[in-house]
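I opened this notebook to record what I looked up in one structure. The entries cover backbone outliers, strand pairing and helix packing.

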Amino acid sequence: MRRRKFLLGTASATALATTGCHQGPPMLSPVLSTPAGQMQGQIIDGVHKFLGIPYAEPPFGTLRWLTPVRRKPWSGVLQATQYGQICPQTGGMARDALVEGEDCLNLNIWTPDPAARGLPVMVWAHGGGQVSGSGADAIYDGGHFAQEGVVLVTCNRRLGAEGFLYLEELFGENVGPGNLGMQDLICVLEWLTDNVQSFGGDPNNITLFGESGGAAAAQATIATPGASGLINRAILQSGGHAVQRPATATRIAHHVIDQLGIKMRDIEALRAVPWQKFVELYAALNTRHVWADPQIYLPVLNQHLPVHPVDAPFAGFGLDIDYLVGTCREEANFFDMLMDLEGSQFDRRARKVVAVSGAEWSDVLNRYREIHPEWDADDCFNAALGDMWFRVPSLRIAEGHQQQSQKGTYTYLFEWSSPLIGASHALDLMVFGNGLPLPGIAAFKNFEKTATFMRKAWVAFAKTGSPALPNQSWPSYRERQATLSIDDSPSIITASYRQQFPMLENAITINWGQSGL
């Protein structure tokens, strides 16, 4: 099958099609005293911005591949006016002018007023498939959220080999446990519990949210025992929820140390290897399909992450928090412009989900054609890949939560469509109000109305546990699997995905950990 390509230029993934929003000149903020230390940020358009705040010690040297260690309080005044270093990028596109480095565990805070009390806190987990991205990407600027009355936090976490190389079987217990990216997010949440009141935030009202790999990281964090009690609400945007098994993860680690000439148990020698070497090894690792299904570096299912993230609510994780979960209608179109999807990890993963359901791949494609007669074969293929990777696991999380929890469960389908790429993965990042990923992707179609609606709904959810707005009802998923279509004019979808694709019901109800997904 010949895949359709979208011509959007060669800019980095963080380049923006901007909304044209004007920001006034920055001015230095008053010095802020926090339990972590004093700091000075900037004030822009009435929003106080503090960048590059270290929350943990640099995760290198003797601390490499270990649980994060909280940063010691500093003396003097931290000049929090520039982004700090970002964590080493194993894959992905260029990251603008951001600097990778070892002192990368830092966070950024936007607040409408540090002197306020009880503002809801929203903590963003960036996307990038656990191999790239940072909290310093321009599209994640939290100014618009802060103007809506929340404290917005972005952060960095360890990625690639530094976060997910599973070393316990080769180097000893608690060394490279396979989920250090999740433990970094837990460290962020613990730091905020102690410090966010100094920024006007309520430590007892924290929403963890993210998109793509960030949503997957958020859900994996919820499934990690150490996160209990630190999160009050969760928003999962287009999460690709997958794990690595210990046996496969150990084979990957064994191959890596063999390539580096490192012996088992010689952790000092491994820690002395520059991080760039692990980045160089990634491309060759990623070509081995036996390992790369669905990806090389993922959270590892073991005692540190005892349940598959999509099984978490069925196992009792996250039942004390409110959930807002959703995906985009045509997720895979974004990836179609980057690679040939036929035979890719997206294709293999999608077919595996369908097979585990007991369904036939051809029947699933035929059903897309019935529902969307205007789509061609490529459209149906892409829709199936995107839904199996993102939508089906998201619905399993929603189903488990609404069954097991008394808290709110809400779902959405993002359907704002670019003339160039449809309602594709990553377009929901418009929620920040800073534009769209990749220039020209909007093709002159206005998206500010939809972006503003999303942001207000997200903020309402963070404040109250419900994303409903005065001019837009949003029934819970318990009410006939109700889902909100997010577009220029939002509406309630009455025919649920599960009614339309009954052959996939098993994928939403079976245990993913036991089925090998």
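The entries below follow the order in which I looked things up.

**Entry 1. The model**

I note at the outset that this is a predicted model.

**Entry 2. Positive phi outside glycine**

I looked up serine 212, which is not a glycine and yet has a positive phi of about 60°. I placed serine 212 in the loop between β11 (201–211) and α5 (213–222). Is serine 212 buried or exposed? I recorded a relative accessibility of 12% for serine 212. Buried means under 20% relative accessible area, so serine 212 counts as buried.

I then turned to alanine 426, a residue other than glycine whose phi is positive, near 85°. I found alanine 426 in the loop between β14 (409–414) and β15 (436–437). The relative accessible area of alanine 426 is 5%, so I entered this residue as buried.

**Entry 3. Strands β3, β4 and β7**

I followed strand β3 (residues 32–34) to strand β4 (residues 37–40) and noted that the two run antiparallel, joined by three bridges. The connection from β3 to β4 is a hairpin of two residues. Within this pair, I found leucine 32 bridged to methionine 39 in β4.

I next asked in which sense β4 pairs with strand β7 (residues 77–79). The pairing of β4 with β7 is parallel and extends over three bridges. I entered glutamine 79 in β7 as the bridge partner of glutamine 40.

**Entry 4. Strand β16 and its partners**

I examined strand β16 (residues 483–486) for burial on its two faces. In a regular strand, side chains alternate between the two faces of the sheet. In β16, Thr483 and Ser485 lie on one side, Leu484 and Ile486 lie on the other, and all are buried, leaving both faces covered.

I recorded β14 as one partner of β16: the two run parallel and are joined by three bridges. Here phenylalanine 414 stands opposite isoleucine 486 of β16.

I also recorded strand β17 (residues 491–493), which pairs with β16 in the antiparallel sense over three bridges. The bridge partner of leucine 484 is isoleucine 492 in β17. A hairpin through four residues joins β16 to β17.

**Entry 5. Helices α10 and α12**

Two packed helices are described by the angle between their axes and the distance between the axes. For helix α10 (residues 345–357) and helix α12 (residues 377–404), I noted an angle of about 70° and axes 9 Å apart. This angle makes α10 roughly perpendicular to α12. I noted the crossing of α10 and α12 as left-handed. By class, I listed 10 nonpolar, one polar and three charged residues in the contact of α10 with α12. Among them are Phe346, Val353 and Val354 from α10, and Phe381, Met388 and Trp389 from α12.

**Entry 6. Helices α6 and α8**

I looked up helix α6 (residues 246–260) and helix α8 (residues 275–286), which pack at an angle of about 120° with their axes 11 Å apart. I therefore described α6 and α8 as oblique to each other. Their crossing, that of α6 and α8, is right-handed. Which residues of α6 meet α8? I listed Ile252, His255, Val256, Gln259 and Leu260 in α6, meeting Lys277, Phe278, Leu281 and Leu285 in α8. By class, the contact of α6 with α8 has six nonpolar, two polar and one charged residues.

Note on methods: Residues numbered from 1 in each chain as written. Predicted model: local features only at pLDDT ≥ 70, side-chain atom pairs only at ≥ 80, totals over all residues. Heavy atoms only, no water. Buried < 20%, exposed > 50% of the residue type's maximum accessible area, 1.4 Å probe, protein only. Pairing = 2+ DSSP bridges. Axes fitted to C-alpha atoms, helices over the stretch in contact; angles between N-to-C directions. Parallel < 35°, antiparallel > 145°, perpendicular 65-115°, else oblique. Left-handed = near helix turned anticlockwise from the far one by under 90°. Contact = heavy atoms within 4.5 Å. Nonpolar A, V, L, I, M, F, W, Y, C, P; charged D, E, K, R; others polar.
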